[in-house]
Amino acid sequence: MTSSAVTSIELTSLHRLASGKVRDLYEVDGETLLFVTTDRISAYDVIMKNGIPDKGPLLTFLSVHWFKVLSDKIPGLKTHFISTALPSSSPISAEDAATIRGRSMHVRKLKVFPIEAIVRGYVTGSAWKEYKAKGTVHGIKLAAGLRECDAIPGGPIYTPSTKAPLGQHDENIHPDEAAKLVGDKYAKKIEDLALAVFRAGQEYAAERGIIIADTKFEFALDEKTDEVVLVDEVLTSDSSRMWPKDKYEPGRDQESFDKQFLRNWLTREGLKGKDGVEVPEDIAKATSDKYREVFELLTGRTLEEAMKTI
């Protein structure tokens, strides 16, 4: 679509409530928000100086695709998604509309739970590091003798983390600690939903040649109905580790469709966790190409085709 990345968006029509690592949140009315996704990218909790071309639209349309797929697969699943159409209740200028075309979701305004609901199907990343040192993942004991990127015996496990403020690091915690943060009333529901959504996503992706190794979800409370609701982005290349099924080989790091490619470059260059890093054009393009490839495999269409639907 474009050769340049959009890292900063300023809308004049709506009031911005918050700006995160990737997304900006705007108030539409008392009940709803506009979720706007930039091309910013973060790795190891640090935002890169430049972005990844077309990343925002790719993440937006992939999340929209997943909301539909998962709602069909999981009876009773509630999500915050309303539409990719711009809200009529709060008029947006033509200039602003052009700026965020393909980058926005109109969503319900809900009370977000203060944890990252991480689900892991494979021992990789920080889970592998902890397992090598202690034989555990988020304090959960696993079988001995597992190799890097082995599937977790018995199936995916729920391994939450804290949700740190921008610029700080999330902390891996045991599910019991997560329950203290969200309350016993909702902890089991969040865990069960996270596992159900992950398994449904894994099954769908596997049919398309993709392994979803792990992911992070966010959930919120609909205070009117007392329901736990799936929010934020879902099973994207930013929030998940995704591997080509035909190249999977346990015992080593895997080829990926996600930002692990960028993380590996940062580590090789000695830039892990450093501020102000500018990603070289070839690394940015290669990352964008990976996001595009998995988008097309999962959705069955190109980004350009998806853009025509709005």
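**Sheet, helix and domain interface in a predicted model**

In strand β2, residue D24 stands opposite V36 of strand β3. The model in which this pairing is described is a predicted one, and the values given below are computed from it. A second position of the pairing between these two strands is marked by R23, which faces T37 in β3. Taken as a whole, β2, which covers residues 23-27, and β3, which covers residues 32-37, run antiparallel and are joined by five bridges. The two strands form a hairpin, with four residues lying between them.

The residue D24 also has a partner in another strand, since S19 stands opposite D24 in β2. Here the pairing is that of β1 with β2, which is again antiparallel and extends over four bridges. These strands, too, make a hairpin, in this case with three residues between β1 and β2. In general, the strands of a sheet pair through backbone hydrogen bonds, and the pairing may be either parallel or antiparallel.

Both hairpins belong to an open sheet of five strands, in which the order is β1-β2-β3-β7-β6 and the pairing is antiparallel. At the edges of this sheet are β1, with residues 15-19, and β6, with residues 81-83, each of which pairs on one side only. On average, and with direction ignored, neighbouring strands of the sheet are turned by 35° against each other. Helix α1, formed by residues 55-73, lies across β2, β3, β6 and β7, and the helix runs at about 45° to β7, the strand of residues 104-108.

According to the domain assignment, the protein is divided into domain 1, residues 1-109, and domain 2, residues 112-244. The centres of the two domains, taken over C-alpha atoms, are separated by 23 Å. Where the domains meet, 28 residues of domain 1 are in contact with 26 residues of domain 2. Between them, domain 1 and domain 2 bury about 2100 Å², and 62% of this area is on carbon and sulfur atoms. Of the area that domain 1 buries against domain 2, 27% is supplied by D45, W66 and K78, which is more than any other three residues supply.

Charged and polar groups also take part in this interface. Five salt bridges are found across the interface of domain 1 and domain 2, together with ten residue pairs in polar contact, for which both residues have a pLDDT of 80 or more. On the side of domain 1 that touches domain 2, the elements that give two or more residues are α1 and β7. The largest share of that side comes from α1, which contributes ten residues. The helix α1 spans residues 55-73, and the side chain of K73 meets that of E203 in a salt bridge, with a distance of 3.9 Å from N to O.

Over the whole structure, the search finds 26 salt bridges. One of the salt bridges is formed by the side chains of R120 and D214, again with a distance of 3.9 Å from N to O. Because R120 lies in strand β9, residues 115-120, and D214 lies in strand β14, residues 210-222, this pair ties together parts that are 94 residues apart in sequence.

Note on methods
Residues are numbered from 1 along each chain as its sequence is written. This is a predicted model: local features need pLDDT of at least 70, side-chain atom pairs count only at pLDDT 80 or more; totals for chains, interfaces and linings use all residues. Side-chain values use heavy atoms; hydrogens and water are left out. Two strands pair if DSSP finds at least two bridges between them. Axes are lines fitted to C-alpha atoms, for helices over the stretch in contact, and angles run from 0 to 180 degrees between N-to-C directions. Contact means heavy atoms within 4.5 Å. Domain bounds come from an automatic or database domain assignment. Buried area is the accessible area (1.4 Å probe) that two parts lose on being put together, summed over both. A salt bridge is a side-chain nitrogen of Lys or Arg within 4 Å of a carboxyl oxygen of Asp or Glu. A polar contact is a pair of N or O atoms within 3.5 Å; within protein, one must be able to donate a hydrogen and the other to accept it, and residues adjacent in sequence count only if both atoms are side-chain atoms.
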